[in-house]
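Me: I'd love to go through this model with you, starting at the ligand and moving on to the aromatic pairs. Could you keep the answers short?

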Amino acid sequence: MSVRRSVVVGCGHHLPENVVTNADLAKRVDTSDEWIIERTGIRERRIAAEGETTSQLAIKAARAAIADAGLEPGDIDLIVLATATPDYTFPSTATQVQAGLGITHGAAFDVQAVCSGFVYALATADNFLKAGSHKRALVIGAETFSRILDWQDRTTCVLFGDGAGALVLEAQDGEGGIADRGIHSTHLRSDGRHLDKLYVDGGPSSTMTTGHLRMEGKEVFRHAVTNLADIIEEAFRATGLKADDIAWFVPHQANRRIIDATAKKLSIDPSRVVITVEKHGNTSAASIPLALATAYGDGRIKKGDLVLMEAMGGGFTWGSALVRW
Ligand code: ACO
């Protein structure tokens, strides 16, 4: 029986030029390279230049993904962009990307699930393609988290960075087996009771300001490993796949210790874990596509590889995706 799946046909990314090291941050707040590396694994992050917006980063990542797919922007009929740092309160950043790419047909919209945003966007686009309403989707994670950080707060400002990554998905019909290329499962969860543990203390309807990121790091950490392991086990149960089948584990890049603990809990070999948090910091919705682009760009991820993604973010939201590249 033929089954329609969303197949990854292109992958691209873009990072701002400006590299900010831990030593640079130690000049601004009371912190040290040793503390940041030991607690998070982060050594440096990219920070957008003045005037460099989320949509500008996203457009460059999208162009790279479309070129990698051997397509033209006009071949895309759906843009789903995950961000918590849009250019404007409205319209969506996705529509800015659509305009930047010169596309005037199809649909473009944002999804907001903070650090889980890319997995949410992937699941959304997948369902549109499987339903048959659209043929080729750009799925983008793009952020300028530097704009919502409190640069006086050493407990948060050292953790985040800016960037964008994108995939092109194409609806293709396969045999219906586990060997098919494409998205095999997506699982999404949320629990809105945890607002106080990770949020931005502003917004159009509450304060009429943009606000700054606030986080109870220890609490987020505590929930992360359990939630992430659960949502991955759910993906394994749903597909019949197991840890040994995974060629590459590409987690949200928030903290090296969360990644290591999750991989250990699931018995995923460390050699199959893609880690970019060292160079990118936590780029929220951009972190998974940036990690995918890194491992695809250096030849680790190849056609036919089974890739497991997971993320957790503000809300809380969390999710997983199993994709045969
Ligand atoms: N430099 C030096 N010292 C610091 C810094 C810093 N940048 N930040 C905090 N400290 C101090 C604290 O003040 C505290 O000092 P005290 O003992 O004198 O009070 C001490 O270091 C320990 O602080 P903790 O918060 O207990 O440190 P912890 O080991 O929990 O690490 C961290 C903090 C890195 C934030 C960790 O809790 C974490 O990674 N949590 C998960 C955060 C996360 O992943 N968030 C993102 C997920 S969702 C999303 O991506 C939006």
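Me: Which residues come nearest to the ligand?
Reply: Happy to help, and do keep in mind that this is a predicted model. The ligand has 24 residues around it. Those that come nearest are T31, R39, C115, N255 and N282.

Me: How many Å separate an oxygen atom of the ligand from an N or O atom in the side chain of R39?
Reply: Polar contacts here have a cut-off of 3.5 Å. A polar side-chain atom of H252 lies 3.0 Å from a ligand oxygen, and one of R257 lies 3.5 Å from a ligand oxygen. For the side chain of R39, the distance is 2.6 Å.

Me: Which element gives the most residues to the shell around the ligand?
Reply: Elements that give two or more residues include α2 (33–40), α8 (256–265) and β12 (306–313). The shell also draws at least three residues from each of domain 1 (3–174) and domain 2 (182–324). With 4 residues, the element that gives the most is α7.

Me: How many residues of the shell are charged?
Reply: The shell divides by residue class, with 11 nonpolar and 8 polar residues. The charged ones number 5.

Me: Nice! How many residues apart in sequence are the parts that the F109 and F128 pair ties together?
Reply: These two rings form a tilted aromatic pair, 5.8 Å centre to centre with 40° between the planes. F109 lies in strand β5 and F128 in helix α5, so the pair links parts whose separation in sequence, in residues, is 19.

Me: Is F128 buried or exposed, or partly exposed?
Reply: Partly exposed covers the range between under 20% for buried and over 50% for exposed. F128 has 29% relative accessibility, so F128 counts as partly exposed.

Technical notes. Residues are numbered from 1 along each chain as its sequence is written. This is a predicted model: local features need pLDDT of at least 70, side-chain atom pairs count only at pLDDT 80 or more; totals for chains, interfaces and linings use all residues. Side-chain values use heavy atoms; hydrogens and water are left out. A residue is near a molecule or strand if one of its heavy atoms lies within 4 Å of it. A polar contact is a pair of N or O atoms within 3.5 Å; within protein, one must be able to donate a hydrogen and the other to accept it, and residues adjacent in sequence count only if both atoms are side-chain atoms. Ala, Val, Leu, Ile, Met, Phe, Trp, Tyr, Cys and Pro count as nonpolar, Asp, Glu, Lys and Arg as charged, and the others, Gly among them, as polar. Domain bounds come from an automatic or database domain assignment. Rings of Phe, Tyr and Trp (its six-membered ring) pair if their centres lie within 6.5 Å; planes under 30 degrees apart count as stacked, over 60 as edge-to-face and the rest as tilted. Buried means under 20% relative accessible area, exposed over 50%, partly exposed in between (1.4 Å probe, protein chains only).
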